[in-house]
Amino acid sequence: MSIDVEQSAPLRRRLATPANSESRPKIPAPPPGLPATHPLQILKRSSIIGGTLYALYDFKVFHNILHSPEVSHEWFKIGLAASIAILAVKGYVELYEGKKRKKKVEYDNFKSATHWTIFLILVSWISFHLALSPVYGTFKTWIIMIGFGYGVLIQASLMIPVWGQNLISFVLMTFFLQIYK
């Protein structure tokens, strides 16, 4: 039995309303769990980031990227270029179109930018994998990349507001580009 996505959409958008009130506006139900700014959520995300950074330190990822002759530096530079392009698209959409031109940042308004970002993420993922796999092998490279993506990037993006993400990304990328040769 297949489910038609369009027919199931109203089921996903159920609104929470009091049982005996029809005059009040319908308010969406809050998401389950703790709010994002709750201290336990911040502690959880911070511990995930800290654990991931410790694992990356234990694997000597940063040292090997900078100093190992086995790392394919050409592929790593392609991955860096794709990462910089992702930041450029993100900055254009959020800062210029969103803030300056007051356009609502959603998929319907930025389909092309979304597709380019997905393509650039794929290019950077493949490039970093090809760059690091001679040193770590396939499985450990996957662990490193998933750990960095989930354990650092996603957790930090859930904790830090967008303006802070843009500032931190720009500063860290500039710092890394200066020490990477």
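Ring pairs link F62, F76, F128, F176 and Y180 into a cluster. The model in which this cluster sits is predicted. In total, nine aromatic pairs are counted. One of them joins Y54 and Y57, a tilted pair with 6.5 Å from centre to centre and 40° between the planes. Both tyrosines belong to helix α2, where three residues, about one turn of the helix, separate them. Y54 is exposed, and Y57 is exposed too.

The pair F62 and F176 brings us back to the cluster. Their ring centres are 5.8 Å apart and their planes stand at 50°, so this pair is tilted. F62 belongs to helix α3 and F176 to helix α6, so the pair ties together parts that are 114 residues apart in sequence. How do the two rings fare for burial? F62 is partly exposed, at 44% relative accessible area. F176 is buried, at 14%. The burial cut-off is 20%, so F176 falls under it, while F62 lies between that value and the 50% needed to count as exposed.

Now the fold as a whole. The protein chain holds six helices and two strands. Read from the N terminus, the order is α-β-β-α-α-α-α-α. The chain has 181 residues, and 27% of them are buried. Take the contacts between residues at least 6 apart in sequence: 70% of these join residues at least 24 apart. The exposed area of the chain is about 13,300 Å², with carbon and sulfur atoms supplying 67% of it.

Next come the pockets. The largest pocket encloses about 1,900 Å³ of space. Its lining counts 47 residues, and S83, F148, V152, L153 and M173 are the closest to its centre. Which helices build this lining? At least two residues each come from α2 (39-58), α3 (61-67), α4 (73-100), α5 (111-159) and α6 (162-179). Helix α5 gives the most, with 19 residues. By class, the lining has 36 nonpolar residues, eight polar and three charged.

The second largest pocket has a volume of about 180 Å³. Its lining consists of I84, L87, A88, G91, N166, S169, F170, M173, T174 and L177. Helices α4 and α6 each supply at least two of these residues. Here α6 gives the most, with six residues. The lining divides into six nonpolar and four polar residues, with no charged ones. M173 appears in this lining, and M173 is also among the residues closest to the centre of the largest pocket.

Two buried residues with polar side chains deserve a look. H129 is placed in helix α5. Its relative accessible area is 15%, so H129 is buried. Which residues does H129 touch, beyond those up to four places away in sequence? They are T138, T141, W142 and M145.

Q165 sits in helix α6. At 16% relative accessibility, Q165 is under the 20% cut-off and therefore counts as buried. Setting aside neighbours within four places in sequence, Q165 is in contact with K90, S157 and I160.

Helix α6 links several of these views. It holds Q165, it holds F176 of the tilted pair with F62, and it gives the most to the lining of the second largest pocket.

Notes: Residues numbered from 1 in each chain as written. Predicted model: local features only at pLDDT ≥ 70, side-chain atom pairs only at ≥ 80, totals over all residues. Heavy atoms only, no water. Helix = DSSP H or I, 4+ residues; strand = E, 2+ residues; numbered from the N terminus. Buried < 20%, exposed > 50% of the residue type's maximum accessible area, 1.4 Å probe, protein only. Contact = heavy atoms within 4.5 Å. Areas by Shrake-Rupley, 256 points an atom, 1.4 Å probe, with all protein chains shown as cover. 1 Å grid on protein atoms, 1.4 Å probe; cavity = no way out; pocket = protein on both sides within 12 Å on 5 of 7 lines; lining within 4 Å. Points joined across faces, edges and corners; volume = space filled by probe spheres on them. Nonpolar A, V, L, I, M, F, W, Y, C, P; charged D, E, K, R; others polar. Phe/Tyr/Trp six-rings, centres within 6.5 Å; stacked < 30°, edge-to-face > 60°.
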